[in-house]
2 protein chains.
Amino acid sequence: MEKRNTVQKQLVLQAVRELQCHPTAEEVYQRVAARHPSISKATVYRNLNSLAEDGLVRRVAMPDAADRFDFTVGPHYHIKCAGCGRVIDAPAAYMPRLDAETEKETGFRISRHDLVFEGLCPACREKRA
Amino acid sequence: MEKRNTVQKQLVLQAVRELQCHPTAEEVYQRVAARHPSISKATVYRNLNSLAEDGLVRRVAMPDAADRFDFTVGPHYHIKCAGCGRVIDAPAAYMPRLDAETEKETGFRISRHDLVFEGLCPACREKRA
DNA sequence: GTGGCTGCAAAATGTTTGCACGGAT
DNA sequence: ATCCGTGCAAACATTTTGCAGCCAC
């Protein structure tokens, strides 16, 4: 059950790192395929899952869209532009207190929360004027 | 471009109302089909989209799962059980200040945010002990 | 009567899986 | 030699779409 460090896995990790802005699996695939055309999309998916499992990338599930992958592993929030679909990190700091409070009030054991702002980035805002 | 109020649409809305706990499109379909077996799943999807557009139901997109629909239209947060997948409303109140602060710090025009807690409900917690 | 709505099936997404083989340990 | 990871294609799950006929307006 030992995990191997294959060329493909390294390429996938490197791609997520380089495509800083929360690429989708498809974008990661495109990037890796540019240098290593024989790679299969299934391998990209398998490696993204494996890397997420090991905490080397973070999976960011988006409302009504494909999952995105993030090289910044620590807890933080995201902003999604409704115009162009781009996703960036939000400046707001993670609020651990919310988890504790919700846990107390509900009886659930809360492990974390996700927060996604939705809005328009400056570029898309201009485009609509 | 006028919207019609068909029997199917009424049944879909009624089903979301009755299945209070954030049903998926599939669950809504099952419920409606029980009384009206000739309905098509496509019609359920089309009506859910139409109702969401009109603000009569709310679409709640879930990480790694099918979208859910919610009859409570006002802004509120959700908790998803990692064990059984059930989704319930969270007691925490919506924090409009986050939107204003993020807007100021980023230059985005923020319209809202989604917050989803992840944890284990009491039943699933017991099951793991 | 007309144009949106329905039902059906097919397509479109996004992701996972079965299988045989090749490569790392 | 083992057995994990790969590539390929097919399966899968969810949602959308093309089309002909129907029904509410």
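The questions below concern the symmetry of a predicted model and its surface near a DNA strand. Local features need pLDDT of at least 70, side-chain atom pairs count only at pLDDT 80 or more, and totals for chains, interfaces and linings use all residues. Residues are numbered from 1 along each chain as its sequence is written, chains are lettered from A in the order in which they are written, and side-chain values use heavy atoms, without hydrogens and water.

Q: Which residue of chain A comes closest to the rotation axis?
A: Chain A superposes on chain B (by least squares on the C-alpha atoms of residues with pLDDT of at least 70 in both) through a rotation of 179 degrees with 0.0 Å of shift along its axis, at an RMSD of 0.2 Å. The two copies are thus related as by a two-fold rotation axis. At 2.2 Å (C-alpha), the residue of chain A that comes closest to this axis is L115(A).

Q: Which helices each supply at least two residues of the surface near DNA strand D?
A: A residue is near the strand if one of its heavy atoms lies within 4 Å of it. Helices are DSSP runs (H or I, at least four residues), numbered from the N terminus. Those supplying at least two residues each are α3 (41-53) of chain A and α3 (41-53) of chain B.

Q: How far from a phosphate oxygen of DNA strand D does a polar side-chain atom of Y45(B) lie?
A: Y45(B) is among the residues that come nearest to DNA strand D. Its polar side-chain atom makes a polar contact (a pair of N or O atoms within 3.5 Å) with a phosphate oxygen of the strand, at 2.6 Å.

Notes
Polar contact = N/O pair within 3.5 Å; in protein donor to acceptor, adjacent residues only side chain to side chain.
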